[in-house]
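Work through the following exercises with the coordinates open beside you. Each task is followed by a solution that proceeds step by step.

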Amino acid sequence: MALSRQDNSLTTGRANQKQRTRRALVDAAFRLGRDGRPLSMPEVAEEALVSPATAYRYFPNMRVLMLEVATREAQPKIDDLLAVLPEDPEERIDALVTVVTGFQFDNEALWRAVLSAILERWLAQIDVPERERVPIRGSHRLESVEVALAPLADTMPPDQHRRLVMATMLVCGVEAMVSARDACGLDRAEAVDVMRWAARALQRAAVQESRGAPDAEVPETLGR
């Protein structure tokens with residue numbers, strides 16, 4: 001039997017309410033996560049003005065919620081950038097690293113909480129055979145680096161291009177940010193300069209290698 005117009009309205013209304021509740025929980029976790037302290041689902045539920053039971057219906061644990069916070073925060077910014085990347089390969093990767101480091105340093109405590117959730121998800125599966133494990137994170141950053149480096153795909157062997165993509169992943173993102181801050185002791189400005197420099201240096205080295213040059217030229221200075 002077809003739904004009446006009123007029934008359709010009720011169904012749509014319930015769907016919209018669910019979306020609003022989900023968004024309220026994600027927004028609440030974002031606000032609280034910026035303080036850099038450990039969060040609990042009851043805290044987030046209180047901030048979102050819903051019951052803990054309702055919160056758990058949407059997110060089974062804080063790991064899942066924090067990973068959605070990361071996706072909600074990062075994806076629109078990266079998608080907007082990918083739509084307007086310059087043509088020059090080196091400028092493309094520099095623009096991507098600059099944007100990624102920018103929004104992560106703007107909310108460093110939040111992104112450290114996201115990294116903690118990622119590590120907790122890995123630890124929760126430590127006794128699960130690797131082939132059966134659930135991926136601990138999304139692939140959006142990897143796909144973004146692939147898009148930024150796509151113009152070089154026709155200029156070097158596939159395995160070399162893949163290696164460049166993977167190497168670039170090591171110098172941008174939350175893991176690189178934490179390494180720059182904690183292991184290297186850099187302030188924000190120098191950390192961003194180093195990550196941008198590293199991404200450009202990797203690209204120049206890969207291009208030189210693909211051309212058969214004995215030595216790759218690297219960027220002369222930081223903070224270009």
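**Exercise 1.** In this predicted model, state the volume of the second largest pocket and establish which residues lie closest to its centre.

*Solution.* The volume of the second largest pocket comes to about 260 Å³. Its lining is made up of 13 residues, and those closest to the centre are Arg37, Pro38, Leu39, Ala113 and Ser116. Turning to the secondary structure, helix 4 and helix 6 each contribute at least two lining residues, and the largest contribution, 6 residues, is that of helix 6. Sorted by class, the lining holds 7 nonpolar, 2 polar and 4 charged residues.

**Exercise 2.** Describe the lining of the largest pocket by its central residues, by its classes and by the helix that gives the largest share.

*Solution.* The largest pocket, with a volume of about 550 Å³, is lined by 24 residues, and Arg137, Gly138, Ser139, His140 and Arg141 are the ones nearest its centre. The classes divide into 14 nonpolar, 6 polar and 4 charged residues. Helix 4 provides the largest share of this lining, namely 7 residues.

**Exercise 3.** Identify the helix that gives the most to the largest nonpolar core, and list the contacts of Val44.

*Solution.* The core comprises 59 residues, and Val44 is among those that touch the most other members. Helix 4, which spans residues 62-82, gives the most to this core, with 9 residues. Leaving aside residues up to four places away in sequence, Val44 touches Leu25, Ala28, Ala29, Leu32, Leu39, Met62 and Leu65.

Methods. Residues numbered from 1 in each chain as written. Predicted model: local features only at pLDDT ≥ 70, side-chain atom pairs only at ≥ 80, totals over all residues. Heavy atoms only, no water. Core = buried A, V, L, I, M, F, W, Y, C linked by side-chain atoms within 4.5 Å. Buried < 20%, exposed > 50% of the residue type's maximum accessible area, 1.4 Å probe, protein only. Helix = DSSP H or I, 4+ residues; strand = E, 2+ residues; numbered from the N terminus. Contact = heavy atoms within 4.5 Å. 1 Å grid on protein atoms, 1.4 Å probe; cavity = no way out; pocket = protein on both sides within 12 Å on 5 of 7 lines; lining within 4 Å. Points joined across faces, edges and corners; volume = space filled by probe spheres on them. Nonpolar A, V, L, I, M, F, W, Y, C, P; charged D, E, K, R; others polar.
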